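Me: I would like to go through this model with you, one question at a time, before I plan any bench work around it. Please reason through each reply and finish on the name or value that I ask for.

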Amino acid sequence: MENAINSSVEPLASVAILSEGSDEPAKLAEPVIHLDGLSVQFGGRPILKELRGELRGRAIGLLGPNGAGKTTLIHTLLGFHPPSSGTAHIFGRDIRKEAKPIRTQIGYLPERDSFIANMTCVHFVRLMAELSGLPSEAALERAHEALFYVGLGEARYRQLGTYSLGMKQLAKLAQAIVHGPRLIFLDEPTNGLDPPARQRMIELVRQIRDSGKAHILLSSHLLRDVEECCEEILIIKDGSIAVYCNLEEERRANRKFLELETRGDREAFVEAIGSLGCEYALTSERRLKLVLQNDVDIRDLYQLAGAHKVQIRRLNFKRDSLEDIFLKAMESGNGDGNRAAGMREGGK
Amino acid sequence: MTDKPDDHMIVFEDVSKFYGEILGVNRVTLAIEPGITSLVGPNGSGKTTLMNLMTGLIRPTRGRVSVLGLRPDHPEVFFSKVGYCSQFDSFPSALTGFQFIYSYLRVHGRPKKEAQELAWKALHRVDLLEAAHRKIAAYSKGMRQRVRFAQAIAHEPAVMILDEPLNGLDPMARAETIRLFRQLAEEGLHLIISSHILHEVNDMSDTVILLNNGYVVAEGAIQGVRDEMEEHPMQILIRCDRPGLLAARVFEQDSVVEAKIHKDKHGLFVKTRDADAFYLLLNTIVVQDGLNVESVAPADDDLNAVYQYLIGGGEGA
Amino acid sequence: MAVHEHAYKPYAGPLTPVWSRFLIIPRHAYRDVFASKLYTALFALCFVCPLVMAILIYLHHNLTAMAALSISLKDIVPINGFFFQFFVGTQTFFAFVLTVLMGPPLISRDLANNALPLYLCRPFSRAEYVIGKMSVLLILISAITWIPGELLFLFQSYLEGAGWAASNLWIAGAVFVGSWTWILLLAMLSVTISAWVKWRLAASAALFGLFIISNAIGFMVNGVLQTRWGGLFNLTFIMKTIEDSLFRAPNSAGLPSWMVLPTSAAWIMLALFLAFCLFLLTRRVRAYEVVR
Amino acid sequence: MSVSTEVIAETAPSTGRPWSLWGRQIAAILRLEVRKNFIGKRAILIYLLAAAPILLMAALSAEIHWQQSRHDNIGEINIVFANLYEGLILRTIIFFGCAWIFMNLFRGEVVDRSLHYYFLSPVRREVLVVGKYVSGLIASVVLFTISTAGSLVFLYVGLGSSGGNYFFDGAGKRQAAGYLAITVLACIGYGAVFMAIGLFFRNPIIPALLIYGWEWINFLLPPVLKKISIIHYLHSLAPVPVPEGPFAMVAEPTPAYLSIPGLLLMTAAVLVLASFQIRRMEIKYGGE
């Protein structure tokens, strides 16, 4: 019966995957997650309020203040909590009616560290694969594959209990992808990891995203992480969607704002920039911001720099776009939900 | 004691701590000035051990620890000056946020009124006023983190030891908390903070202590630490189209020791011993070859790089 | 030379039928169980009694052997309801020991490392989880109780002839039902306790204690109140009553008549007890505690 | 906020008149601990334990009530109760009740990983020991005196008028007082022992069971060994001597003026031991 379901889903999948390449067909394709007035309450307290929207991105960053309902949203999509009203569709399946078939398509990396004691890592991942319905042998193969993929080498024959936090996190990632899901929920995957481990995790998430074989919903508090691996972001604020937009577009939007750090006598250099018709502001004795005019090109700046023997130590476009979006979303009320919708239409 | 000169510092004298055979920290000698001091290092490098030693939760196997010239042997004085926000995310059962802070202030021996004021003040600081009378059990991760922080600073200690205090906080709370740290540091307090998020450490801390495998591998102001490492040439990342071409050109300069093309084929890492010369060269290259530069950044004048050099790991590139 | 890119790839292969999924848990559990010599030895020990009884049955029908033994076995150990009741009795005791040893860590371990989300985020329901955990014991205990029991019955009826089988068919039933009542009770009990008591030793103690204490309470109530209804609090007594009725051996323990409980009452208590366990389980087996 | 002044402000009393400070601190600890002992999931077990004998006696009294015949021979019923008290209430209910309450004082907090909040407060560990012990005492004494008193009430109610007479005019009052006193002393003694155990042992259940066994076989022991057990002192206080039988002990009963101080002395010793232990205690919580 599961097989039947799979086969019925596959073609759909291929469409979704094809669509990754260009934005255009994405509209036609089934949305990955379709929130249809999804509401959740705990003991009468509303946690999620009437969420609506169609998430399509390959990697969606899920942001929001504590208690905004990020984790609740993930749990609800996994079917841990029943929606109090409304519903959501994942790959076109209703989470209320078809929880099981959906879950065969989903991988989940929980936030709190969770594993099964006195088991070797391989055994653990294999067990998880089998629970997802893989036959025993296939499960073993996939387990090793997944562990190899996340880069747990010899360690995979060791007891999970002996693992360091970073390794546990990788093991958790392995169990989340072992059954080859097409949608992966990552709840604070970098939480508590030390810098190398964190970087490793981000690399992996990027790779999975770029493989185009699976969609990722990543919830995190570290804007850096989201910025580094997500294309779209969904910001939730006290239970409703504050923003859903595409990071790339946002970045492109403030592409003209440039930040420079220079060494050497910059007076003349700066004047020259001014003479190009670019507005600029000196932020510190070495740094300056400037707005590129359409006809002006970075090469021109280097021209001037060369001419005035100035070193351009640092040059980058205003990068903190995500932070801007986030803060804006936070200060402005929920009226922003509409703006989000607007952005989505504009985005595609 | 002869701690007079130390009584404004946190002093470790040749301190080691072993748990059975397991090494906590080894031969640590430190004198920590007021201000924000960040402990950075891989998990299990001894950050928490160091903090537990400062607060007398564990005793050193050898050596002496003193905080502002005090020892935990005299708890009445010691712990009224020291606040510790440990990483144990756990609470005495069935208390509300307010009760939690208030009760322990009473344990401090504070009279009712004062304890209430301090408790509210602390809750206000971490902005938990509205949740003050809800059971902690129903708090979200971030709120629990904040209420623990509040509890640690409620009695307004002179030394605050905070084990990953930003862990699980949302972006605004992070910014807010960091601001609070800075403010307290201005007021001349000691803040010992452990964190994994290097760019935040970079922004907030006055000095950094890098730990690895229980040893202190570096301490001091980040910039200072960087300058110590002369043998490490300056590393620069240039994001541009045709990094290959750029690579070919930069080797005209023999001060350039290495050029590595970024994975995504849109950037070049350059290691040079003479940064000034290189940047000037860059000017001409860009112009002559009409290179489209996306961004230029010294890849290693920050903690991240220092961490790379001294501790290593998959970061960067 | 060809370099193989190991990229992330989805799984397109066949899936196992849903109904069979709960068996994954016992399968993996046994891997660990029989890795330990202790358990293997104990498990082997559980088959001593069936073996002996098989031999007895054989001797019964082996005339030469009978002749060899001067005294006639037939009168000493007649093969009848009691014979099988004794069998079930001993085996359920072993079953109890197995349960005490293996039951406690079943669920507590998962709760301690909050592994439940990992199970339940897969196409694997709470019911399946509980059944899977229980069947770790169900299967094992079945293998030492009713399965060998029925085999003995077949063996006997094969030697004794269809007539005996026909007239004693109720025994087969009794063996089957009698075993299952115990199996259900033990499995349910240990899983429930395991779900509530984190610490293994305490859980074992609780499992043990429950029988002893309920026993004590039962008798104390009886003694103090001069009544028989204390027996209702006495698990072992309840089970005994049920067994007796199944094996048509009323009050086989030879208790004073005023202590004997009506069978129906025993059944009802058992049902209530199991229901209570189930209730406790559902409280605990959740992907996440929902704090209000 | 000027921290420096703050610090001065409240280190002064601590160095100045520590007694008042300790008093306040103990009060604060009590405030925290007592509520913890009475509410919360750990408490449920205690309530069940405390309720058990009352219910039992209720049933018993009902039973007796019907059988008018038994009303007259109060002696017999007294003995039944004496057995019930020592066998069930004292040796089982109070024993395990105290074990549970007092072991959880510290072990429980280690399990919950909340002990460090105390260790990080400016409070002497000895003060902490005293505070927690007293809080445990309050909880146990309250619950178990209630359950003892409750059972007594039902005992005499069941006997109807004759019970009333026996209580008010006969030996009833004295016996009741005796039972209550024993209950209180039991809490004091067992409490100290179990709190110490909770401090010394990782998983205290086993030592607890050992003690349980020790207390039971106490009546087999030579008089010298008897002295190092709590039940010995308590038993010798029993208002209604318990006759031969599983509960009986053959020994010269220590007179009250010896046994009570003996018990208290033992308690004090154990408490001192506990304070030494807790001074050396380090927070590890197994993890880390």
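Me: How many residues of chain C are in contact with chain A, and how many of chain A with chain C?
Reply: This is a predicted model, in which local features need pLDDT of at least 70 and side-chain atom pairs count only at pLDDT 80 or more, while totals for chains, interfaces and linings use all residues. Residues are numbered from 1 along each chain as its sequence is written, and chains are lettered from A and ligands numbered from 1 in the order in which they are written. Two residues are in contact if their C-beta atoms, placed from the backbone, lie within 7 Å. On that basis the counts are 32 residues of chain C and 42 residues of chain A.

Me: Which element gives the largest share of the side of chain C that touches chain A?
Reply: Helices here are DSSP runs (H or I, at least four residues), as are strands (E, at least two), and both are numbered from the N terminus. The elements of chain C that give two or more residues to this side are helix H1 (24–33), helix H7 (105–112) and helix H8 (116–120). The largest share, four residues, comes from H8(C).

Me: What is the make-up by class of the side of chain C that touches chain A?
Reply: Ala, Val, Leu, Ile, Met, Phe, Trp, Tyr, Cys and Pro count as nonpolar, Asp, Glu, Lys and Arg as charged, and the others, Gly among them, as polar. Sorted in this way, the side of chain C that touches chain A has six charged, six polar and 20 nonpolar residues.

Me: Is H7(C) roughly parallel or oblique to H12(C)?
Reply: Axes are lines fitted to C-alpha atoms, for helices over the stretch in contact, and angles run from 0 to 180 degrees between N-to-C directions. H7(C) packs against helix H12 (residues 169–196) of chain C at about 25°, with the axes 7 Å apart. Angles under 35 degrees count as roughly parallel, over 145 as roughly antiparallel, 65 to 115 as roughly perpendicular and the rest as oblique. H7(C) is therefore, with respect to H12(C), roughly parallel.

Me: Which element supplies the largest share of the side of chain A that touches chain B?
Reply: Here 36 residues of chain A are in contact with 35 residues of chain B. Several elements of chain A each supply at least two residues to this side, including helix H6 (165–177), helix H7 (195–211) and strand S14 (311–317). The largest share, seven residues, comes from S14(A).

Me: Where does H4(D) bend?
Reply: A straight helix of 39 residues would span 57 Å at 1.5 Å a residue, the expected span being 1.5 Å times one less than the number of residues, whereas helix H4 (residues 74–112) of chain D spans only 49 Å between its end C-alpha atoms. The bend at a residue is the angle between axes fitted to the seven residues ending there and the seven starting there. For H4(D) a bend of about 55° is found at D:Asn104.

Me: What is the phi of D:Arg113?
Reply: D:Arg113 is the residue that follows H4(D). Its phi is positive, near 55°.

Me: Is H2(D) oblique or roughly parallel to H6(D)?
Reply: Helix H2 (residues 18–38) and helix H6 (residues 125–158) of chain D pack at an angle of about 40°, with their axes 8 Å apart. That angle makes H2(D), relative to H6(D), oblique.

Me: How many nonpolar residues does the contact of H3(B) with H4(B) have?
Reply: Helix H3 (residues 97–108) and helix H4 (residues 112–125) of chain B pack at about 135°, with their axes 9 Å apart. Among the residues that make the contact are B:Phe98 and B:Ile101 of H3(B) and B:Leu118 of H4(B). By class there are one charged, two polar and, as the number asked for, nine nonpolar residues.
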